Amino acid sequence: VPSPTTHLRTTRTGLYEIAVISFGAYRIVDVSNEVDTSEACPDRNGHESGWMRLLPLVAVVVATGPLLLWGLPAGHDWGWELVRLVEYKEAFATGQVLPFWAVDLYSGWGSPIFLFYAPLFTALASVGSALFGSLLTGPTLTLIALTMISAFLVTRMMGALPGKNGAHKSTAARIAAYVYVLQPYLLADLLVRSANAEYTALCLIPLVFYGVFRLRDRPRLGALTLAAGLGLSILAHNLTALIAMGLALLSTAVLYLPDRSKRQLIAAGGGVGLGLLLAAWFWVPAVSLTHLVRPGLLVEGRYDFHENFLDFAKLWGHGEYFSAGWVSPLILLLALALAGSSRLQLSDSIRRLYGCLIVCAFGAVLLQLAVSRPVWELAPLLPLFQFPWRLMGPLALLTAILAGLLALGLAGGWRRRSLLLLELLVLVVCIANAMPQLARVRSFSPEGMASIEQSLTATGIRQGRQSATGVDEYLPAQADLTAWKEIPPGTLLLDPPSGLGVVAVEEEGTRIRLDLNSQEAAKVRLARWYFPRWRASLNGESLVVEPGPLGEISMAIPKGRSQLEVHLDPPLVRRTFVWISGLAMVVFLLASAASFLPWFEPHSSS
């Protein structure tokens, strides 16, 4: 694949893709269902000016401009992202309805990566690639759509806060969206790091907070929204979802526990429980089967958090690709300065939330500094974040909510022209704050993109000895880390016994069928990593499968002619929790129908 270049080139986005993007943009800017905007910059008929609703789209276009102009960026991890995408599509095409095994990785020896790596972005991008017939178009359009969704969810989230709707609430909702969508760290995930799984989760976690805020006026709907947001976040990036769940539970306690709102607290617990069940088909196997792979590699070497703490100055500005710019610290300092001020006109419950967000935000800052080393060493899952600066993602959402609350509390009595000027000023400042990050984007040449489309196939991955992560953390625990590198790609049998005749009848995905003719009893060793759910039969009778000396599949066969069939099933825990998550989805759909269909609504007696 040619090296990425930074020059401008003609866009590959076609008219049909633009139509899809435009439809998504319409859904983004239409926030009137949640926020009454009749007082915000009204026209002569008392309705909000249509161009005001388009302002969040401006932030989205700026954030995704490089994608719209140049296609998928040449970020740090673009190669691994595309390899996972190709392998996910290949696994699905060869019969894995919920892919769990990447067949072509490691020269065809395979890997159970999809049991452990959050699948949501890869699944969405693979659908997009199939629909548009292009490997690069699928992830590009998925990222654009996710950015639109994040702006939409932030505005809805802020609109769900209690209080009278009006111009200032509309302005606050849109300001929060500008701060979030154009936050430099999110742009780094999107355009510089190619951290698509984490970016997907960061785009979806506003749905979790939207559910928390909706608990006050519609507990059932809030619980369902919380469940959907949590479930999707887990499927997108389980570590980010873990932080989102903790923040959501803390926010719920702050908002509703002092008022003894039992109905809201029960609904929140139900929403969290249902969300965990909806995503249980992924996270339960990922947690319970880690002993079968090499999770220790995730926290060693350059991934050891001890070596990755930052100096305080590097958190801000634009010196590093993970720095948060200058808007975020200004918002945090202003929020802290006004924490006890009477000028901030907020209700008691929102003041409690405001204080909680400040504490959490400054806690996220401290966790990125070396002073928090003891916390990282004691917290059981925190070291898996590897780089403390990854907490910039949750911090970005906390900052955006605080920005919206500041606008909500300070601009309550402002005239519409002042609100308009404030909103435009914040948008311009956020765009300026995003520009240094946008300048880091690298694009592929047209020739490079064409080469990627042609060469990055299942066969190319197998022949190119490709892996899909930075280290071999998703190789089976007993696998020899060097064996697959020394054996030619596409090898089926390792050191076949002399006098063994082999005809490969079928070799597709996780299914292999061989016609054998052996002059004596022998061991057959397949160049596939051993995993507990490999099954084999010889002439229709079950055959014992065991790991060989390199961690490969090994089976004993008798003398004579025989037909050997080998296949890999999903682990039992995966199959079990697929059914449990399916039942949870039925409950979710029935409860959703009861919440949205009018004939299910309870009637009060006269």
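The paragraphs below lead through this structure, from its overall make-up to a few of its residues and the partners they meet.

The model is a predicted one, and it is helpful to begin with the protein as a whole. Its chain forms 22 helices and eight strands, and of its 606 residues, 57% are buried. The accessible surface comes to about 25,400 Å², and carbon and sulfur atoms account for 62% of that surface. If one takes the contacts in the protein whose separation is 6 or more, residues 24 or more positions apart make up 76% of them. A single pair can illustrate such a long separation in sequence: Met449, which has its place in helix H19 (residues 446-455), is 377 residues away from Leu72 in sequence, and yet the C-alpha atoms of Met449 and Leu72 are 9.0 Å apart in space. Met449 counts as buried because its relative accessibility is 2%, and a residue is called buried when this value is under 20%.

We can turn next to the charged side chains. Side chains of opposite charge can pair when their charged atoms come close. With a cut-off of 4 Å between a side-chain nitrogen of Lys or Arg and a carboxyl oxygen of Asp or Glu, the count for this protein comes to 16 salt bridges. One of them joins the side chains of Arg462 and Asp104, with a distance of 2.4 Å from N to O. Arg462 belongs to helix H20 (residues 458-463), whereas Asp104 lies in the loop between helix H4 (78-93) and helix H5 (120-132), so this salt bridge ties together parts of the protein that are 358 residues apart in sequence. The two partners also differ in their cover, since Arg462 is partly exposed at 23% relative accessibility, while Asp104 is buried at 1%.

A second salt bridge links the side chains of Asp259 and Arg352 at 3.3 Å, again from N to O. Here Asp259 sits in the loop between helix H11 (238-256) and helix H12 (262-278), and Arg352 sits in helix H15 (residues 348-366), so the pair ties together parts that are 93 residues apart in sequence. Asp259 has a relative accessible area of 41% and is partly exposed, and Arg352, at 25% relative accessibility, counts as partly exposed too. Salt bridges can also share partners, and in this way Asp189, Arg193, Glu198 and Arg390 are joined into one network. Within that network, the side chains of Glu198 and Arg193 meet at 3.4 Å from N to O; Glu198 is buried, with a relative accessible area of 5%, and Arg193 is buried as well, with a value of 8%.

The strands offer another place to look. Strand E3 (residues 522-529) contains Arg525, which counts as buried because its relative accessibility is 16%. The side chain of Arg525 is joined to that of Glu552 by a polar contact of 2.5 Å. When residues up to four places away in sequence are set aside, the residues that Arg525 touches include Leu492, Asp495, Pro549, Glu552 and Ser554.

Strand E7 (residues 552-557) is mostly covered, with five of its six residues buried. E3 and E7 run antiparallel and are joined by six bridges, and in this pairing Lys523 stands opposite Ala556 of E7. E7 also pairs in the antiparallel sense with strand E6 (residues 546-547), over two bridges, where Glu546 has Ser554 in E7 as its bridge partner. E6 and E7 form a hairpin with four residues between the strands, and in this hairpin Gly551 takes a positive phi near 90 degrees.

The last stop is the nonpolar interior. The largest nonpolar core holds 198 residues, and among these Tyr354 and Leu526 touch the most other members. Leaving aside neighbours within four places in sequence, the contacts of Leu526 include Leu492, Ile512, Leu514, Ile553, Met555 and Val566, and Glu552 is also one of them. Glu552 thus appears twice in this account, as a contact of Leu526 and as the partner of Arg525 in a polar contact between side chains.

Methods. Residues are numbered from 1 along each chain as its sequence is written. This is a predicted model: local features need pLDDT of at least 70, side-chain atom pairs count only at pLDDT 80 or more; totals for chains, interfaces and linings use all residues. Side-chain values use heavy atoms; hydrogens and water are left out. Buried means under 20% relative accessible area, exposed over 50%, partly exposed in between (1.4 Å probe, protein chains only). Contact means heavy atoms within 4.5 Å. Accessible areas come from the Shrake-Rupley method with a 1.4 Å probe; for residues, only the protein chains shown count as cover. A polar contact is a pair of N or O atoms within 3.5 Å; within protein, one must be able to donate a hydrogen and the other to accept it, and residues adjacent in sequence count only if both atoms are side-chain atoms. Two strands pair if DSSP finds at least two bridges between them. A nonpolar core is a set of buried Ala, Val, Leu, Ile, Met, Phe, Trp, Tyr and Cys residues joined through side-chain atoms within 4.5 Å.
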